Amino acid sequence: FVRGHVGIIDRIQGFHVYPDAVVAEGKEDPQWLYTVMFDGRELWGADSDPMLEVSTEAFEPYLVAA
């Protein structure tokens with residue numbers, strides 16, 4: 001639900017095993033993991049609660065520079 005939306009990196013969680021690589025290739029392939037914050041209006045439009053913020057954990061390969 002956050003794909004294609006602009007968020008802000010709030011915290012670097014460290015270097016962790018990348019689950020996509022474990023499933024697809026059978027190897028760990030560690031990647032940086034981040035907490036990314038989204039304003040509710042960015043996700044659900046101008047009528048969203050202005051106080052709403054959503055955070056999610058995302059590996060670096062999932063992120064695209066804005």
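Helices (H or I, at least four residues) and strands (E, at least two) are DSSP runs, numbered from the N terminus. The exercises below concern a predicted model, in which local features need pLDDT of at least 70 and side-chain atom pairs count only at pLDDT 80 or more, while totals for chains, interfaces and linings use all residues. Residues are numbered from 1 along each chain as its sequence is written, and side-chain values use heavy atoms, with hydrogens and water left out.

**Exercise 1. Fold and overall form**

Task: State in which order the elements of the chain run from the N terminus on, and compare the radius of gyration of the chain with the globule rule.

Solution: Begin with the inventory, which consists of two helices and three strands. Read from the N terminus on, these elements follow the order β-α-β-α-β. The radius of gyration of the chain is 14 Å, well over the 11 Å that the globule rule gives for 66 residues, so the chain is more spread out than a compact globule; here the radius is taken over C-alpha atoms, and the rule is 2.2 Å times the number of residues to the power 0.38. As a further step, take the principal axes, along which the C-alpha trace spans about 45 × 20 × 20 Å.

**Exercise 2. Surface, burial and charge**

Task: Determine what share of the 66 residues counts as buried, and how far apart the mean positions of the positive and negative charges are.

Solution: With buried meaning under 20% relative accessible area, exposed over 50% and partly exposed in between (1.4 Å probe, protein chains only), 24% of the 66 residues count as buried. The chain exposes about 5000 Å², of which carbon and sulfur atoms supply 54%, the areas coming from the Shrake-Rupley method with a 1.4 Å probe. For the charges, Lys and Arg count as positive and Asp and Glu as negative, with His and the chain ends not counted, and each charge is placed at NZ of Lys, CZ of Arg, CG of Asp or CD of Glu. The chain then has 4 positive and 12 negative charges, whose mean positions are 2 Å apart.

**Exercise 3. The aromatic pair at Phe 59**

Task: Classify the ring pair of Tyr 18 and Phe 59, and place Phe 59 among its contacts.

Solution: A pair of aromatic rings is described by the distance of the centres and the angle of the planes. Rings of Phe, Tyr and Trp (its six-membered ring) pair if their centres lie within 6.5 Å, and planes under 30 degrees apart count as stacked, over 60 as edge-to-face and the rest as tilted. The structure holds five aromatic pairs. In the one formed by Tyr 18 and Phe 59, the centres are 5.4 Å apart and the planes stand at 65 degrees, which is edge-to-face. Tyr 18 lies in the loop between β1 (8-16) and α1 (19-25) and Phe 59 in strand β3 (residues 53-59), so the pair ties together parts that are 41 residues apart in sequence. Ring pairs also link Tyr 18, Phe 59 and Tyr 62 into a cluster.

Turning to burial, both Tyr 18 and Phe 59 are buried, Phe 59 at 10% relative accessibility. Contact means heavy atoms within 4.5 Å; leaving aside neighbours within four places in sequence, Phe 59 is in contact with seven residues named here in full, His 16, Val 17, Tyr 18, Pro 19, Gln 31, Trp 32 and Leu 33.

**Exercise 4. Partly exposed residues**

Task: Locate Lys 27, Asp 29, Glu 42 and Asp 49, and give the relative accessibility of each.

Solution: Lys 27 lies in the loop between α1 and β2 (31-39) and is partly exposed, with a relative accessible area of 45%. Not counting residues up to four places away in sequence, Lys 27 touches Ala 21 and Val 22, whereas Ala 46 is 43 Å away, C-alpha to C-alpha. Asp 29 is placed in the loop between α1 and β2, is partly exposed at 31%, and has a positive phi of about 45 degrees although it is not a glycine.

Glu 42 belongs to helix α2 (residues 40-44) and counts as partly exposed at 33%; beyond four places in sequence, Glu 42 touches His 5 and Val 6. Asp 49, finally, is found in the loop between α2 and β3 and is partly exposed at 44%, with its C-alpha 9.4 Å from that of Asp 39.
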